[in-house]
Amino acid sequence: MKEIKDGNLSLTSRPAMWKQVIFYVFTLVVCALAIILGIRLGSSVESVGAVHPESTSGEYGWIAAFDSFSDSVAEHTISPIGLLLLQIIVILSVARFVGWIFNRIGQPTVIGEILSGIILGPSLLGAVWPEAFQFLFPEHSLGSIGLLSEIGLILFMFAIGMELSLKEVKQKFRSSLIISHAGICLPFALGVWLSFYTYEPYAMSQTSFLPYALFVGVAMSITAFPVLARIIQERRLGRTHLGSLALNTAATGDITAWLILAAVMAISSSGSMLSSVYNFVFLLLYLLVMFFVIRPFFSFVSKIYDNTEVVGKSMVGIIFILLIVSSYVTDLLSMHAIFGAFIMGLVMPDNLKFRHLITEKVEDVSLSFFLPLFFASSGLATQVGLINTASLWILFLIFTLVAIFGKVVGTYVAARAVGETRKDSLYLGAFMNTRGLMELVVLALGFDLGILPPVIFTILVLMTLVTTFMTTPLISLINAGYRRLEKRKKRLSNVNRVYQSAKVLISFGRPASGALLLRLADQLTRRGKDIIPDVTALHITPHAETNPIMAARFKESSFTPMLEESQRLGTKLKTQYELSDHPEQMIVEVAEEGNYGLLLVGGGVKHSGLKSHREVEARRSRLKRRIGGIGVSAGESLLAAAPMLRDKMSYFFSHVSCSVGVLIDRGFSQPKNILLQIGEESDIKLLPYARTMAENNGAKLSILPTSPQIDLQGKLHGTESLLSAELLPTTSILQDYDFIILSRNRWNFLSTNDVDAMAEMPSTLVLSLHC
């Protein structure tokens, strides 16, 4: 049998194909005849009294059949599994849509997802369309959603525990401990006093004062570490002193708050401080086992997986078993299962690769599937209609103002006490005021235990939304104020800034491109031993909600080639890693804030002549033809995938105040024959760059003016050659050079009028100067 191979497909010869078709049809016919014969034999031995399905023949047969079909669909719609699946579909759809809207207005997606729960609850859907609400969420079906949301919380808290690195917390332990505990103590104390005034009219009928006061205190003092981490990433503060201190402070505060919450739940469940002693004793034994037995075990295991790409199913199974056991133990100790899940995540080893492998298996399903169910479950318990008097709205305002005052002032004063600046202290106060999801978890626990009455629960949920929503605008307001002050102090000229400071910003997608651009920056700006380029490498992952563990993993792999290249060149290199859904805007912001003289980017695989790049672009084009007009990412930043180089140049040239260079890589290394094309008088300003590059490479520099009117007399050095203006950059001329420098206007002209010459050009640097 002959085979014709086409890629990965194997097509058999035509005769063999007909044999297979005949065999397939023969098999179907024989099986069909056997089935029919069996049915006839069975029908012949039926008893006379056997029940037969009603006939659907006759005038009303099709109508009766459709009625039967409709009854079956209706029956399955209200069945437990059918109703649960319908609820999940509605909850996930609304959560994603509302979350998308909030993301578009610059707010964390989680705020929209929390609000979606309230939208589907009695506060909105139940008030506007009560029939639909009763159909979707009948009382008897809420238990299933509640159980699924509890499972989701266990997975989510496990992921949160893994995001907190004890190693990083230790680095700024003293400062973060003082700031976080001050930011907890003041709002906690204020919350206890508020509970004193609200206990008698709202909570006395269903709980004792001690657990009520403690729960309100915890609810007023908690900070949402996950939401705060996303905000700090979006603000590009992750690797700054402020961002690191804020994350460590929030992590320390979260660990403390959950320990306090565990104590509160133990006291609430046992009924007294004395009887809760047993809970604390066994909690201490549990923590000793987790940190001194389980954590060393996983530290040893993580070394085994240090050089592997996946974690085996057996190890994943062990981790999930231990996760459930840990959750079960803390639930037995009256401290809720999610506390055990949090501790289980916390004892995971500091090995980022191991954490990344585990997080990949947990976080997406918990965030995308289970957590919206939890928000819906909380929203179904939130009844905004209960706040139906002016006094209750005033009480909501008081709770909100006290929560903001306690967090911001407590954090600000403590930060100043440990030596932080006024600006950073103010930022920390705003950051710690973020409550978000963690607050909602605490409130749900208090509500389920019967400690928080419905009215207070609703007030605290609304307070959570307000304090979380205000974080981003408050940070923007602080940032705008201080930026205005800094601009007044700092007025720098843009003229020839590259040669004054040799300060270069490189933005890259693929790691190999970063090393290449660093080599180019060194060749363009190094001037002997006097001026060594000061380079900042910027890499952006175009997904703002990337998990911090995954982000750390991406950062490590992205900068490795550049760091090795900087050591070889002896160049000063700083790295900056960001997460953003709008990479081009992020690059402009970084370039403007850093006062750079030159921004260097890559032209991308579309303009590259390298075989590997052409293959990437070919695969992208084939995939795009198959799935339609959907953008296909090849793991590069938006820069490297820009469809038109002229659009890239135009965007950055119009938005940044520094010079911009774009490298079209066609085997760039260390050029020996450089061609500078001068299309107009203003292009003469490119000559210092071309001259510096030639000197650093020991290369020959040739200048090609496109018009005899361009005056270059007295501007060339003795080793530089001037070509005739009558020459055009034909294929034969271009073959003599391995690097070309030209202006943006010249590039636009050639790309429009001389496509053939463009295809034959060697590695090219397109420069737009701001001088």
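**A colleague's note on the predicted model**

1. Let us start in the sheet. Strand E3 and strand E4 (residues 534-541) run parallel to each other, paired over six bridges. If you would like a position to look for, Lys 503 stands opposite Asp 534 in E4. Please keep in mind throughout that this is a predicted model.

2. E3 has a partner in strand E6 (residues 598-602) as well, again in the parallel sense, over four bridges. Here Val 504 has Leu 598 of E6 as its bridge partner. How much of E3 is buried? Five of the six residues in this strand (residues 503-508) are, so E3 is largely enclosed by the rest of the structure.

3. Now for the wider sheet. Ten strands make up an open sheet with mixed pairing, and the order is E5-E4-E3-E6-E7-E12-E11-E8-E9-E10. At the edges you will find strand E5 (572-579) and strand E10 (721-722), each of which pairs on one side only.

4. Strand E7 (residues 659-664) and strand E12 (residues 763-768) are antiparallel and are joined by five bridges. Within this pairing, Ile 664 stands opposite Thr 764 in E12. Helix H28 (residues 687-697) packs on the sheet, where it touches E7, strand E8 (673-678), strand E9 (700-705), strand E11 (739-743) and E12. The direction of H28 makes about 155° with that of E9. Another helix to look at is H30 (residues 744-753), which lies across E7, E8, E11 and E12 and runs at about 105° to E11.

5. E9 deserves a visit too. This strand is mostly covered, with five of its six residues buried. E8 and E9 pair in the parallel sense over six bridges, and Ile 678 stands opposite Pro 705 in E9.

6. Follow the chain into the loop between E9 and E10 and you come to Thr 719. Is Thr 719 buried or exposed? Its relative accessibility is 70%, so Thr 719 counts as exposed. The C-alpha atoms of Thr 719 and Ser 702 are separated by 9.1 Å, with these positions 17 residues apart along the chain counted as their separation.

7. Glu 720 forms a salt bridge with Arg 691, with the closest N and O atoms 2.6 Å apart. This pair links distant parts of the chain, 29 residues apart: Glu 720 is in the loop between E9 and E10, and Arg 691 is in helix H28. Both ends are covered: Glu 720 counts as buried at 11% relative accessibility, and Arg 691 counts as buried at 15%.

8. Which residues are linked in a network of salt bridges? They are Arg 519, Glu 565 and Arg 568. The side chains of Arg 519 and Glu 565 meet at 3.2 Å, N to O. Arg 519 lies in helix H23 (residues 511-525) and Glu 565 in helix H24 (residues 548-569), so this salt bridge ties together parts that are 46 residues apart in sequence. The side chains of Glu 565 and Arg 568 meet at 2.6 Å, N to O. These two residues both lie in helix H24, three residues apart, about one turn of the helix.

9. The surroundings of that network are worth a look. Arg 519 counts as buried at 19% relative accessibility, and Glu 565 counts as buried at 9%. Arg 568, by contrast, counts as exposed at 55%. Across the whole structure, a search finds five salt bridges.

10. A charged residue without such a partner is Asp 424, which is buried yet has no salt bridge. Why is there no salt bridge here? The nearest side chain of opposite charge, Lys 423, is 5.9 Å away, whereas a salt bridge needs the nitrogen and the carboxyl oxygen within 4 Å. Asp 424 lies in helix H18 (residues 422-432). Leaving aside neighbours within four places in sequence, Asp 424 is in contact with His 241 and Leu 242.

11. Finally, the overall picture. The protein has 31 helices and twelve strands, and buried residues make up 50% of its 771 residues. Among contacts with a separation of 6 or more, 79% are between residues 24 or more positions apart. The accessible surface comes to about 37,600 Å², and carbon and sulfur atoms account for 63% of that.

Terms used. Residues are numbered from 1 along each chain as its sequence is written. This is a predicted model: local features need pLDDT of at least 70, side-chain atom pairs count only at pLDDT 80 or more; totals for chains, interfaces and linings use all residues. Side-chain values use heavy atoms; hydrogens and water are left out. Buried means under 20% relative accessible area, exposed over 50%, partly exposed in between (1.4 Å probe, protein chains only). Contact means heavy atoms within 4.5 Å. Accessible areas come from the Shrake-Rupley method with a 1.4 Å probe; for residues, only the protein chains shown count as cover. Lys and Arg count as positive and Asp and Glu as negative; His and the chain ends are not counted. Two strands pair if DSSP finds at least two bridges between them. Axes are lines fitted to C-alpha atoms, for helices over the stretch in contact, and angles run from 0 to 180 degrees between N-to-C directions.
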